Amino acid sequence: MSTPTETSNAGTARVRAFFRATASSFDHLYEDDHALQRRLRPGLFRRRELAVEAGRGYEHPSVLDVGGGSGRAGEPLLEQGASRYVDVDLSEPMLDLADQRLGRFADKVELVQGDFLTVPIEGTFDIALALGYFDYIEDALAHLRRIAELLAPGGTVVASFPRWTWSRGPIRKVRYELIGNCPIFDYDEAGIRKLFADAGLPEPQITRGKSGWLVRAAVTA
């Protein structure tokens, strides 16, 4: 019988393999000039807009992007004046894309490949992003707790969580789990509120979208 740790490690390996193979196609979903993408997947762009909105609350914020992939959320935050941007991701090809995208900010960018729960990360952050991340995370509480530990006083968490819908849920199950061999998870509002409470984070603001939740929580300084 597998232990919980072995199960989690196996899930992490499956997620890593999936995003190694699909890095370019996933990055392509965020192309701003593709009107069809915005129409079909408005939540992807709203996530990034929420991150940028959070950044406006700080003069030169330090930003942790958990599962930040190709740096799509980091780019506008750096353009807006972020002083430090750390992108932690399992997929080397995703980070290669981030390196290309964020090259002009090289002195402010750190790209970290590995499991967020175990990789060393120095310092604390004004903004912690976890956008399109908890979709694939079995032990969401452990990851949210580490985010809380890395958040500076007065910091803000911006995250997204998928929710089950009959229009998209079955398609996602087939696409990710059956075809891609990548685990996926869904959340309800009560479960998200409990996660934040158990992680020691403030009561979050939650907005319901077509197929997911956008979540923001600000820590009092």
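In this predicted model, Val 174, Leu 178 and Ile 179 make a nonpolar surface patch of about 340 Å². Ile 179 belongs to helix α8, which covers residues 169-179. With a relative accessible area of 68%, Ile 179 is exposed, because a residue counts as exposed at over 50%. The loop between α8 and α9 (189-198) holds Asn 181. Although Asn 181 is not a glycine, its phi is positive, at about 55 degrees. Asn 181 counts as partly exposed, with a relative accessibility of 43%.

Turning to the interior, the largest nonpolar core has 33 residues, and the members with the most contacts inside it are Leu 64, Phe 116, Phe 134, Ile 147, Phe 161 and Phe 196. Two or more residues of this core come from each of β1 (62-66), β2 (84-89), β4 (125-130), α7 (140-149), β5 (151-162), α9 and β7 (212-218). A second core is separate and has 17 residues, among them Ala 51, Ala 73, Ile 127 and Val 158. Phe 161, one of the residues with the most contacts in the largest core, is a handy place to look at the packing. Neighbours within four places in sequence aside, Phe 161 is in contact with Phe 134, Tyr 187, Ile 192, Leu 195, Phe 196, Gly 212, Trp 213 and Val 215.

Charged pairs complete the picture. Side chains of opposite charge can pair when their charged atoms come close. The model has 13 salt bridges. One of them joins Arg 101 to Glu 75, with 3.7 Å between the closest N and O atoms. Since Arg 101 lies in helix α6 (residues 92-101) and Glu 75 in helix α5 (residues 74-79), this pair ties together parts that are 26 residues apart in sequence. Arg 101 and Glu 75 are both buried.

A salt bridge between strands is formed by Glu 110 and Arg 84, whose closest N and O atoms are 2.7 Å apart. Glu 110 is in strand β3 (residues 109-113) and Arg 84 in strand β2, so here too the parts tied together are 26 residues apart in sequence. Glu 110 is partly exposed at 34% relative accessibility, whereas Arg 84, at 19%, counts as buried.

Within helix α9, Arg 193 and Glu 189 are 4 residues apart, which means that about one helical turn separates them. Their salt bridge brings the closest N and O atoms to 2.8 Å. Arg 193 is partly exposed at 25% relative accessibility, and Glu 189 is partly exposed at 30%. Finally, salt bridges with shared partners join Glu 75, Glu 79, Arg 101 and Arg 104 into one network.

Terms used
Residues are numbered from 1 along each chain as its sequence is written. This is a predicted model: local features need pLDDT of at least 70, side-chain atom pairs count only at pLDDT 80 or more; totals for chains, interfaces and linings use all residues. Side-chain values use heavy atoms; hydrogens and water are left out. Patches are made of residues with over 30% relative accessible area and no salt bridge: like charges are joined within 9 Å, nonpolar side chains (Val, Leu, Ile, Met, Phe, Trp, Tyr) within 5 Å. Accessible areas come from the Shrake-Rupley method with a 1.4 Å probe; for residues, only the protein chains shown count as cover. A salt bridge is a side-chain nitrogen of Lys or Arg within 4 Å of a carboxyl oxygen of Asp or Glu. Buried means under 20% relative accessible area, exposed over 50%, partly exposed in between (1.4 Å probe, protein chains only). A nonpolar core is a set of buried Ala, Val, Leu, Ile, Met, Phe, Trp, Tyr and Cys residues joined through side-chain atoms within 4.5 Å. Contact means heavy atoms within 4.5 Å.
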